[in-house]
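Dear colleague,

Please find below the structure that I am handing over to you. A summary of the findings follows it.

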Amino acid sequence: MEPQGLNLMDQALGFHSNMTQQPWPLCGRFVLVEDCVDTSGAFVLHHILKRSFTSRPSSAVIFLAFAHPINHYDRVLRKLCPVEGKPKHDGLATVFEKIERVISELHPENKKFVTVVIDDISCLEVAANGSSNDVLDFLHYCYTLTSENGYALVALNHQDIYSDGERPAFMLEIEYLADILIKVDPLATGLAKDVHGQVMVLNKETQKQQGISSIKIQNFHFKIKENNIEYFYAGTRT
């Protein structure tokens, strides 16, 4: 039985039934969401942001909106803290400097729960004039900043845009860095009326002090409704 108020996605991410009284489970963690053109994983970003704002009213979000204009996300959540729309021509280093500056100017209470969201990495590569090295350096900087300060880093990427089925080496490295990898795919059996796709969540739970790590994998289906997302195990819908 699911804890009251939590769904399968919440459980896979490690959320608690009363997160206002417990540490934010994504503190210091990197969540990588991979989707495909036919099945968008943007709803996962919305889900994490909603949980952040509802459980931590003092949360701060730095949103790098490369895929959509910022009013798109505003319509979905109505409460965002955008930092940057599209990067300037002087490179991603300037964008990172702005992230650091915005964090430094936050109220101390807001600094406790900062989430940096990148939507999405494939557009980030375009903004970097196709330089995967620049993208990887930028993501490494963001990863170090968030992990060392206990912030959350969430990024979306389209996994099926690369030609000939070859995945660039930098994406494999990013997957290695990710503490939580979420893959959103269409159903293997094709389109269905009551099921919009399937989700695989790979959660690497590591205790760095003891050097102990474990991996939890959960698979379930989802259906996007007007005002919410329904998550359920395969074969449980009648």
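In what follows, helices and strands are DSSP runs, a helix having at least four residues and a strand at least two, and they are numbered from the N terminus. Please note that this is a predicted model.

To begin with the chain as a whole, it contains 7 helices and 9 strands. Of its 238 residues, 48% are buried. The chain exposes about 12,500 Å², and carbon and sulfur atoms supply 50% of that area. Where contacts join residues at least 6 apart in sequence, 63% of them link residues at least 24 apart.

I turn next to the nonpolar cores. In soluble globular proteins, nonpolar side chains tend to be buried together. Here the largest nonpolar core has 35 residues, of which Phe 30, Leu 32, Ile 99, Ile 121, Phe 138 and Ile 174 touch the most other members. Helix H6 gives the most to this core, with 7 residues. The contacts of Phe 138, leaving aside neighbours within four places in sequence, are Leu 64, Leu 92, Val 95, Phe 96, Ile 99, Ile 118 and Leu 124. A second core, separate from the largest one, has 32 residues and includes Val 44, Leu 45, Ala 152 and Phe 222.

Helix H6 (residues 132–149) also packs with helix H7 (residues 169–177), at an angle of about 10 degrees and with the two axes 10 Å apart. Because angles under 35 degrees count as roughly parallel, H6 is roughly parallel to H7. On the H6 side, the contact is made by Ser 132, Val 135, Leu 136, Leu 139, His 140 and Tyr 143, and on the H7 side by Phe 170, Glu 173, Ile 174 and Leu 177. Sorted by class, the residues in this contact are 7 nonpolar, 2 polar and 1 charged. Ile 174 of H7 is thus part of the contact with H6 and also one of the residues named above for the largest nonpolar core.

Two buried positions may be read together. Ser 52 lies in helix H2 (residues 42–55). Its relative accessibility is 2%, so Ser 52 counts as buried, the limit being under 20%. Beyond the neighbours within four places in sequence, Ser 52 is in contact with Trp 24, Ser 59 and Thr 115. Ala 152, for its part, is placed in strand S5 (residues 152–158) and is buried, with a relative accessible area of 2%. With neighbours within four places in sequence again left aside, Ala 152 is in contact with Trp 24, Leu 26, Gly 28, Arg 29, Val 114, Thr 115, Val 116 and Thr 146. Trp 24 and Thr 115 therefore appear among the contacts of Ser 52, a buried residue, and they are also listed for Ala 152. The C-alpha atoms of Ala 152 and Val 117 are separated by 8.4 Å, although the two residues are 35 apart along the chain.

Two further local features remain. The peptide bond from Asp 119 to Asp 120 is cis, with omega near -5 degrees. Asp 120 is found in the loop between strand S4 (114–119) and helix H5 (121–127). Towards the start of the numbering, Leu 6 is found in the segment before helix H1 (8–13). Leu 6 is buried, at a relative accessible area of 10%, and its C-alpha atom is separated by 7.8 Å from that of His 16, 10 residues away along the chain.

Yours sincerely

Technical notes. Residues numbered from 1 in each chain as written. Predicted model: local features only at pLDDT ≥ 70, side-chain atom pairs only at ≥ 80, totals over all residues. Heavy atoms only, no water. Buried < 20%, exposed > 50% of the residue type's maximum accessible area, 1.4 Å probe, protein only. Contact = heavy atoms within 4.5 Å. Axes fitted to C-alpha atoms, helices over the stretch in contact; angles between N-to-C directions. Parallel < 35°, antiparallel > 145°, perpendicular 65-115°, else oblique. Nonpolar A, V, L, I, M, F, W, Y, C, P; charged D, E, K, R; others polar. Core = buried A, V, L, I, M, F, W, Y, C linked by side-chain atoms within 4.5 Å. Areas by Shrake-Rupley, 256 points an atom, 1.4 Å probe, with all protein chains shown as cover.
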